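Student: Please take one part of this model and go through it closely. I am interested in any enclosed empty space and in the chain around it.

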Amino acid sequence: MKEKLVIQHGWIHDAIHREPYVADILVEDGKITEIAPVLKSRNIKRARTLDAAGAQVYPGFVEAHCHLGLDGYGVGFEGADYNEVTNALTPQLSAIDGINPQDESLRLAVEGGVTCVAAGPGSSNVLGGTFAAFKTAGKRIDDMVIKDKIAMKCAFGENPKACYKDKDNYSRMSTASKLRVILRQTQDYLARKQAAGDDILKCPPFDARLEALIPVIEGLLPLKAHVHQANDIYTAIRIAKEFHLRLALDHCTDGSLIADDLAREGYPVAVGPTLGHATKFELKNKSFETPGDLARAGCQVSIITDSPVIPQQYLALCAGLAVKSGMDEFDALQAITINAARHIGVEERVGSLEVGKDADIVIASGNPMVSDTKIEYVIINGKTVYFNA
């Protein structure tokens, strides 16, 4: 027998239609199977009912770039697993091997309505490894993952320079050169493997780093580029074009300065973390006006916390601060729902309230982008994981 849940009479903000509407939502076995003003009685027989009259109903919020579960709550540097500082090029690393679902930060994320995140290695490395997309409730990461590899993290600018300046990466030119060299090596490695066919004796020696980059070269896995400064954004685009790679641009602090170019290029952009001081030179232009500027230019915009830089539970508040700085409210909602899901390639499952998608649902007393709004229920895969008693 199917496990059924009916959410009745709520104001639906589905992240697809600009205007909210009153309707009921039928959930069966963790999926949304019907949204209608009145559900047919035969469909809701034996269903658990949740009355949302007067409440606002949203898709679960989606974070397109963070380190949730990799940089632990209250554990300091010793407990953090989001950077491998022994080598500037570590594409063979996988976030799923470091995420700790028992960390307190995941519970706090749920309480803030964040139901899905993309988390992975930090930005110290030129190539850091693969990001994973996962739900924020559960005890075993294998059961929480939507995709264990959604993108290959790369980084430009101050971070890889600062981390490896005493080793072998002192300038932006070095960062770009290192990335180009290993991409060329991967092309050669792949060509040799293909030429060898089934003859194992002719195959090149196994190389874990190059194996991890084959999906990038083949266009199956995008580069997820840490880029704040405009020149770094352009370098990431330049390299992506040289190697015919897919690309997503994360942080985009200088986005307002080049919004027209970014709109023409068409790559998805994720903006943040914006709350707080500019702690280094490449952040001097950070502003909550940037997401709105990019959206008005025609970019697909996500808003990110980069948690723990901003605690994960304040994702919706960051969207609200963008609205306060001029962003259209519906654009801001999409920036933490469907656009974020598209940014990380999981839009078929999460990011909007639509038939066929996972039943990840937030029920709130008002607009969750406003600080005094209470999150009343958080539902993930059709199960209530948080209730504000």
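Tutor: For sorting residues by class, Ala, Val, Leu, Ile, Met, Phe, Trp, Tyr, Cys and Pro count as nonpolar, Asp, Glu, Lys and Arg as charged, and the others, Gly among them, as polar. The model is predicted, and the linings discussed here use all residues.

Rolling a probe the size of a water molecule over the atoms shows where empty space is left. In this structure there are two cavities of 30 Å³ or more. The largest cavity holds about 50 Å³ of space. Its lining consists of His 251, Cys 252, Thr 253, Val 271, Gly 272, Pro 273, Thr 274, Lys 286, Ser 287 and Thr 290. By class, this lining has three nonpolar residues, six polar ones and one charged residue. Under the class definition, Lys counts as charged, and Lys 286 is among the lining residues.

The second largest cavity encloses about 30 Å³ of space. Around it are Val 271, Thr 274, Phe 288, Pro 291, Ile 303, Ile 304, Cys 318 and Ala 322. This lining divides into seven nonpolar residues, one polar residue and no charged residue. Val 271 and Thr 274 appear in the linings of both cavities.

The backbone beside these cavities has a cis peptide bond. The bond joins Gly 272 and Pro 273, with omega about 0°, and both of these residues line the largest cavity. Pro 273 sits in the loop between strand S12 (269–271) and helix H9 (289–297). Another cis peptide bond joins Ser 307 and Pro 308, where omega is about 20°. Pro 308 is in the loop between strand S13 (301–303) and helix H10 (315–324).

His 251, in the lining of the largest cavity, leads back to strand S11, which covers residues 247–251. S11 runs parallel to S10, and five bridges join the two strands. One of the facing residue pairs is His 226 with Asp 250 in S11. Helix H7 (residues 230–242) goes with S10 and S11 to make a right-handed β-α-β unit. In the loop between H7 and S11 lies His 244. His 244 is not a glycine, yet its phi is positive, at about 55°. Exposed means over 50% relative accessible area, so His 244, at 69% relative accessibility, counts as exposed.

S10 contrasts with that loop residue. Buried means under 20% relative accessible area. Five of the five residues of S10 (residues 223–227) are buried, so the strand is largely enclosed by the rest of the structure. The cover extends to both faces: Leu 223, Ala 225 and Val 227 are buried on one side, and Lys 224 and His 226 on the other. S10 is also joined to strand S9 (residues 145–155), to which it runs parallel, by four bridges. Within that pairing, Met 152 has Leu 223 as its bridge partner in S10.

To recap, the lining of the largest cavity includes His 251, the last residue of S11 (residues 247–251), the strand that five bridges join to S10. The Gly 272–Pro 273 cis bond lies between two other residues of that lining.

Notes. Residues are numbered from 1 along each chain as its sequence is written. This is a predicted model: local features need pLDDT of at least 70, side-chain atom pairs count only at pLDDT 80 or more; totals for chains, interfaces and linings use all residues. Side-chain values use heavy atoms; hydrogens and water are left out. Buried means under 20% relative accessible area, exposed over 50%, partly exposed in between (1.4 Å probe, protein chains only). Two strands pair if DSSP finds at least two bridges between them. A crossover is right-handed if, with the strands pointing away from the viewer, the path from the first strand over the helix to the second runs clockwise. On a 1 Å grid over the protein atoms alone, a cavity is a set of points where a 1.4 Å probe fits but cannot get out, and a pocket is an open set with protein on both sides within 12 Å along at least five of seven lines; lining residues have an atom within 4 Å of a point. Grid points are joined across faces, edges and corners, and a volume is the space filled by probe spheres set on the points.
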